[in-house]
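Morning, everyone. I'll keep this brisk, so please have the chain open in your viewer.

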Amino acid sequence: MKNIFLLVFTFLNVMLYAQNQFELSYYLPKNVSYNSKIPTPESSIGFKVGEWHVTHDKLVTYMKAIAKASDRITIEDRGETFEGRPLLLLTITSPENHKNIKSIQQNHLKLTDATISNQLNVASMPIVVYQGFSIHGNEPSGANSSMVLAYYLAAAEGSEIEELLNNTVILLDPSLNPDGLQRFAYWANTNKSKHLNTDSNDREFHEVWPGGRTNHYWFDMNRDWLPVQLPESRARIETYRNWMPNILTDHHEMGTNATFFFQPGIQSRVHPLTPKLNQQLTKEIGNYHAKALEKIGSLYYTEESYDDFYYGKGSTYPDINGGIGILFEQGSSRGHAQETINGVLTFPFTIRNQFTAALSTLEAANSMRVKLLSYQQNFYKNVKKSGEKNTIKAIVFGAEKDDAKTYHLAEILKRQKIKFNKLKSDFTVNGIKFKKEHSYIVPTNQRNSKLIKAMFEKRTKFTDSLFYDVSAWTFPLAFNLNYAELKSTSNVGDLVTDLALKKWKLTVKSSYAYLIEWNEYYSPKALNKILQKGLRAKVGMKPFSLNGKQFDYGTILIPVQNQNLKEDELYTFLQEVANESNLEIEGVNTGLTSTGIDLGSNQFRNIEKPKVAMLVGNGVSPYDAGEIWHLFDQRYEMNITKLDLNYLSSIDFSKYTTLIISNAKLTISEKNIKKLKQWVQSGGTIIGFKKSVKWLSDNKFIKLEYVKVTVDAKNITFGQKRDFKGAQVIGGAIFETKLDRSHPVNFGFTNNKLPMFRRTTIFIKPDSVSYNNPIKYTNNPLLSGYISKQNLQALKNTVPFQVDKLGKGKVIVFTDNTNFRAFWYGTNKLLMNTVFFSKEM
């Protein structure tokens, strides 16, 4: 009886407290008057802030309403997400500043130009602050707090807010991830009880797979600030580069039992290219957060976790661009109110903390305005001095046989506003020939020289062995492009101002056959279009030369005779394919080659039209699965059927040629395992990645032997245990492999070495038969990034790929992700080769 009374008493207190929390006054500073003509969030969204989770459509409605009502705010739509939601940006400053906003913007950008920045008087310039919210959709307190922030900045009255707005241009991004926010809001709202249930076991706090953290294709968009592969990222990077803000804040959530974190993070893990003054200023700004949070009684911590190493995160990206990036992490209610070790955590409480930190950021910006503007000014002066002293004057990259990959790397540089040029003429460096029509050159002495170094450098020595994210991302290695550092700018040609992907077409009409080289990035896209049209195509298992041209392993042959299109129709269709796939299709009028196999040889093998499926659902990593879905759907325009594990038993697998199991910890019944094996034995192909490799070998789909690594903890204290274990993790590094280019998995690669990304500690021993090891780590494999000595020793001469027969079918495994974060273009073709050519492996 006593327990029941206590529960009722607690419940009533929670309800009473929650009702008070829903009032706008709960969030806003005290003793401030507000303009009654400015609409409150409730007047637009239909409920009080924190009472429900705001959906993105309602968030948009409010932001448009407040922008219309306030002369302090302008609003712009910068594009749309994959699901068609607008990517809004509010520019908030004083009405007087708005009248001169273009001039303010242009002057601010001059701070990054060391040749003219001395002409500026920073004491008279506004500071620029970019405030971004909820890049992870199921961390919604940030996006919900953006409504309170917008209201405060528009409606607050008095000398304090007027001074702030006169001195500050605020770029408010209310939702960095509209699709994810919408998904999570739906979940939280549809599972909310009228009488709030704080039991952490309630369904409200346990989203269904894949959750709302990610965007439409299940990407973690807080890793895309540097690669810029997603539409949401492109919009925010365009805004960032057009303004070059002094401070950028990135509002997140963490575990429910946590409190509140603000940067700086762990100082020993800051990237060496980041100036030490950056972290000192971050710490000084942190004093404002501490004071503000203490004022409302919120617990917090700093400098104990997270780091500023990988520049592809929102809180670290500004650090290489002369700004200050700040990460906020709020303990998450994951719904409306939840029990925690710190008591009941309510959604409004999390919103208030985010709003409080947003205001303390603006207070710091106003107080430290001249100091932060001077820091940015001096940052680029130092960049210029370093650039003049740098012995590396330029970087050249390209690939004669793959213009698309070269273009896509150049595309990233353009989005980051890095200048690059054409080559004056062909030249050779370190035995590698760079051709004028297939390469670009990047002068290092430019305002973005630090960013260039961060993108192109290889780093293998570190002061710390733990990383919150990856330790390497060297872009030309990720794209598998030839590149070289140059000590002269003598080969720098015209500046590239009109970057475009090269258009191709058929060379000549043929009544005999057409050939497609497999080297180009979009060759799989072309082949799929051809097969889906019902046309016959063959793959060449050996090289040959014809009409004075050398054709490599994997050349695609499309005979003209016995097709379901007439000769003229085939010609017209292949012209369209060549144009849409950005590659050349060559017409030939003879099958008699100069060297190598003839076109009628049985070394040209028929290619089966693929019908690809992929397992998704509980246990499957949505990141890895989403990257594969994106690759098929966006890059190669191929259908991939997503099969949820919940209805696996009802699926007829005979419809599919290929089943992909991305990184997954699977729980599948014996009955369904047997069903999968029977399908493979009948001719199907399974392709497994990362954790799925162990599952496939444990369940006897494929026989593998592993190299085991044991590291004894000697002289390690209890306090050092976590760091000791963390040092054995491969957080993300790049390693060199050697290729057997005659194997179908390597068709399309022109070099016998391939950089591969690795995050796992799955080390597979090579097969005793040498030709069964077409991809093998070299004896000195580390190219860039961190790996422990023990893991590096274990990795040497192991294999990241294996294939074996199971009945009439094939089981193929990769120890690591070949499609990492959509910018690892260099190994995308490995997966596509297994899809199209598995029968020949």
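I'll go through some strands, some helices and then a few backbone details. One caution before that: this is a predicted model.

Let's start with strand β3, residues 127-133. How many of its residues are buried? The count is 7 of 7, so β3 is largely enclosed by the rest of the structure. Look at the two faces separately. I127, V129, Q131 and F133 sit on one side, and V128, Y130 and G132 on the other. Both faces are covered.

Now the partners of β3. Strand β4, residues 168-173, runs parallel to β3 and is joined to it by 6 bridges. Within that pairing, V128 stands opposite V169. Strand β5, residues 247-254, is also parallel to β3, with 5 bridges. There, G132 stands opposite D250.

Next, an open sheet. It has 3 strands in the order β30-β29-β31, and the pairing is antiparallel. Which strands are at the edges? They are β30, residues 753-758, and β31, residues 775-784; each pairs on one side only. Ignoring direction, neighbouring strands here are turned by 35° against each other on average. Strand β29 covers residues 733-739 and shares 6 bridges with β30. To find the register, take A733, which stands opposite R758 in β30.

On to helices. Helix α13 spans residues 403-415. Does its length come out short, long or as expected? At 1.5 Å a residue, its 13 residues should span 18 Å, and the end C-alpha atoms are 18 Å apart, which agrees. The helix is mostly covered, with 12 of 13 residues buried. Among the buried ones are D403, K405, E411 and R415. What do the buried residues pack against? Their neighbours are α9, β10, β14, α14 and α15. After the helix comes K417, with a positive phi near 55°.

We've just met α9, so stay with that helix. Helix α5, residues 101-110, packs against α9 at about 80°, and the axes are 8 Å apart. The two are therefore roughly perpendicular to each other. From α5, the contact uses I101, I104, Q105, H108 and L109; from α9, it uses R241, N242 and W243. By class, that gives 4 nonpolar, 3 polar and 1 charged residues.

One more helix: α23, residues 828-837. Here 10 of the 10 residues are buried, so this helix too is largely enclosed by the rest of the structure. The buried set includes K829 and N833 alongside F836 and F837.

Last, the backbone. Most residues other than glycine have a negative phi, and most peptide bonds are trans. Here are some exceptions.

Two peptide bonds are worth a look. W209 to P210 is cis, with omega near 5°. P210 is found in the loop between α8 and α9. Q263 and P264 are also joined by a cis bond, with omega about 20°. P264 lies in the loop between β6 and α10.

Then two positive phi values. R334 has phi near 55°, and its place is the loop between β7 and β8. K700 has phi of about 65°, and lies in the loop between α20 and α21. Buried, partly exposed or exposed: where does R334 fall? R334 has a relative accessible area of 23%, which means partly exposed. K700 is at 64%, so K700 counts as exposed.

That's my tour. Questions, please.

Note on methods. Residues numbered from 1 in each chain as written. Predicted model: local features only at pLDDT ≥ 70, side-chain atom pairs only at ≥ 80, totals over all residues. Heavy atoms only, no water. Buried < 20%, exposed > 50% of the residue type's maximum accessible area, 1.4 Å probe, protein only. Helix = DSSP H or I, 4+ residues; strand = E, 2+ residues; numbered from the N terminus. Pairing = 2+ DSSP bridges. Expected span 1.5 Å × (residues − 1). Contact = heavy atoms within 4.5 Å. Axes fitted to C-alpha atoms, helices over the stretch in contact; angles between N-to-C directions. Parallel < 35°, antiparallel > 145°, perpendicular 65-115°, else oblique. Nonpolar A, V, L, I, M, F, W, Y, C, P; charged D, E, K, R; others polar.
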